[in-house]
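Below are my comments on the model you sent, set out as numbered points. Please read them with the coordinates open.

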Amino acid sequence: MKPDFSKGLVPAVVQDADSGKVLMLAYMDEESWTKTRETGRAWFHSRSRGLWEKGATSGNTMDVVETRIDCDADTVLLRVKPAGPACHTGAESCFFNEPD
């Protein structure tokens, strides 16, 4: 099974395979899904950058150890071993802000 890309991008939840902590949310298209499956590294699609490999510039890559697709085939779960922080701010996870 693969994600249903018929309506465009699908959300990709990225989770630390060891701790279970949610690290980030990104989006995938068919090209990034294929690159992720071929290389074993996390690739995503950005509306501004197009296809991009997580950590290609910073060195904070993510090795994918497991992929899952939800019951509707419209969301991906990537379980990864990160080689550094997930967030561009340097935080381990992008989810560190408390709501007001």
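1. Phe 95, once its neighbours within four places in sequence are left aside, is in contact with Val 22, Leu 23, Met 24 and Leu 25. This is a predicted model, and the contacts should be read in that light. Phe 95 belongs to the segment after strand E6, which covers residues 76–82, and the C-alpha atoms of Phe 95 and Lys 21 are separated by 9.7 Å although these positions lie 74 residues apart along the chain.

2. Is Phe 95 buried or exposed? Its relative accessible area is 53%, and because the cut-off for the exposed class is over 50%, Phe 95 counts as exposed. The description of this residue should therefore keep both statements together, namely the contacts with Val 22, Leu 23, Met 24 and Leu 25 and the exposed state.

3. Strand E6 pairs with two strands that deserve separate mention. With strand E1 (residues 10–16) the pairing is parallel and runs over five bridges, and here Ala 12 stands opposite Val 76 of E6. With E5 the pairing is antiparallel and runs over seven bridges, and Met 62 is found opposite Pro 82 of E6.

4. E5 and E6 also form a hairpin, with six residues between the two strands, and in the turn Ala 73 has a positive phi of about 60°. I would suggest looking at Ala 73 when the turn is displayed.

5. Thr 67 is placed in strand E5, which spans residues 62–69. Which side chain does the side chain of Thr 67 meet in a polar contact? The partner is the side chain of Arg 37, at 2.7 Å. Not counting residues up to four places away in sequence, Thr 67 touches Trp 33, Arg 37, Leu 77 and Leu 78, so that Arg 37 appears both in this set of touching residues and as the polar partner, given that contact means heavy atoms within 4.5 Å.

6. A further hairpin joins E3 to E4 through three residues. Strand E3 (residues 43–46) and strand E4 (residues 50–53) pair in the antiparallel sense over four bridges, and Trp 43 has Glu 53 in E4 as its bridge partner.

7. The largest pocket holds about 240 Å³ of space. Its lining consists of 15 residues, and those nearest the centre of the pocket are Arg 49, Trp 52, Lys 54, Gly 55 and Ser 58. Sorted by class, the lining has seven nonpolar, five polar and three charged residues.

Notes. Residues numbered from 1 in each chain as written. Predicted model: local features only at pLDDT ≥ 70, side-chain atom pairs only at ≥ 80, totals over all residues. Heavy atoms only, no water. 1 Å grid on protein atoms, 1.4 Å probe; cavity = no way out; pocket = protein on both sides within 12 Å on 5 of 7 lines; lining within 4 Å. Points joined across faces, edges and corners; volume = space filled by probe spheres on them. Nonpolar A, V, L, I, M, F, W, Y, C, P; charged D, E, K, R; others polar. Buried < 20%, exposed > 50% of the residue type's maximum accessible area, 1.4 Å probe, protein only. Polar contact = N/O pair within 3.5 Å; in protein donor to acceptor, adjacent residues only side chain to side chain. Pairing = 2+ DSSP bridges.
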